[in-house]
Amino acid sequence: MPLPPPPAAGSRGRCVLSFAAARDRCFSRRFLRAGLRPLAIPLPAGLDPAQAAATVHIWVPSRPPRNPLLLLHGFGASATWQWAPYLRPLIAAGFDPIVPDLVFFGGSCTRLPDRSDAFQASTIKAAMDAIGIPRFGLVGVSYGGFVGYRMAAMFPEAVERVAMICAGVCLEEKDLAEGLFPVAGVGEAAALLVPRRPEEVRRLVRLTFVRPPLIMPSCFLWDYIKVMGSVHIQEKTELLYALINGRQLSTLPKLTQPTLIIWGEQDRVFPMELAHRLNRHLEGNSRLVVIKNAGHAVNLEKPKEVCKNVIEFFKEPAAEAAKGDDKVRKILH
């Protein structure tokens, strides 16, 4: 689940100036310059609108969207860090990006105990309803793909098409014990994906990028953890347990929407077996694009290639998109 790579310079110890905070502000300015504005949407529990059960932070177009495309981020930093390279190409292609923080990431949170992907999906759908967008396309990367898949299954009348980027939704809990992943259990997966120390960030970056930075100074890594990774650690760990515990392919619904699957060929977090498994599971209603020289963080390593395929898929006539493709298309870069 992708994490932007830290800068490759610095010294040991804690940084006086926060590079991560400055970078976070820079990404927010890019969203503003692209014509998006941030909203904090309170979602009530029950009948009392004064009692917010959850708050969703979401970036929306300044004008009413004509071709809305919902972008769901993975674990790691907030949505702005993961989707900033995609804004201008998508807008130039005629799309209106809508970019929320999932619950317990960025500015989104809840007081409710539910940690399931179904709860995440329902929360984001409620936010979309609140801003008056009944139908939309959906792109989900890694954990965002899990939430997006569940959302498409729960709300087929709202989600028109789906693009899944390195989202291992077809994994089963037994896969961990059988050695398919670099971790052997949910607890080890949580320690990897919710890093608390520089050495844990280094391991995650080296696992998700084909060409990680050669030098990752502790100064910058501590800064990143403090600014972007020190909040809701327990809740994020619970999200992973809820996602993996007892997971079985036999209970995964089959999407009815046309689905694009994009994968980094050297993904070590969710190996290629899961891409082929998902393509088989959707029974001809999907197509698989494999991008070479990219790992799990393919959305950050190869943003141009990923964005090009997303745009082509969502621009296709409905009949063409629905055909699927039994062949695997490889992008050689």
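In this predicted model, helix H9, which spans residues 218–228, gives the most to the lining of the second largest cavity, contributing three residues. That cavity has a volume of about 110 Å³, and of the twelve residues that line it, Gly76, Leu193, Pro195, Gly229 and Lys236 are the closest to its centre. Sorted by class, its lining consists of nine nonpolar, two polar and one charged residues.

A search of the whole structure finds three cavities of 30 Å³ or more, and the largest of them has a volume of about 160 Å³. Of the 15 residues lining the largest cavity, those closest to its centre are Val183, Ala189, Leu193, Val269 and Phe270, while the elements that give two or more residues to this lining are helix H7 (186–193) and helix H10 (233–244). The class composition of the lining of the largest cavity is 15 nonpolar residues, with no polar and no charged ones.

From the cavities we turn to strand S3, residues 68–72, where five of the five residues are buried, so the strand is largely enclosed by the rest of the structure. In a regular strand the side chains alternate between the two faces of the sheet. Here Pro68, Leu70 and Leu72 point one way from S3, whereas Leu69 and Leu71 point the other way, and all are buried.

Strand S3 also has pairing partners. With strand S4 (residues 96–100) it pairs in the parallel sense over three bridges, and Pro68 stands opposite Asp96 of S4. With strand S6 (residues 136–141) S3 likewise runs parallel, joined by four bridges, and Leu72 has Gly140 as its bridge partner in S6.

Note on methods:
Residues numbered from 1 in each chain as written. Predicted model: local features only at pLDDT ≥ 70, side-chain atom pairs only at ≥ 80, totals over all residues. Heavy atoms only, no water. 1 Å grid on protein atoms, 1.4 Å probe; cavity = no way out; pocket = protein on both sides within 12 Å on 5 of 7 lines; lining within 4 Å. Points joined across faces, edges and corners; volume = space filled by probe spheres on them. Nonpolar A, V, L, I, M, F, W, Y, C, P; charged D, E, K, R; others polar. Buried < 20%, exposed > 50% of the residue type's maximum accessible area, 1.4 Å probe, protein only. Pairing = 2+ DSSP bridges.
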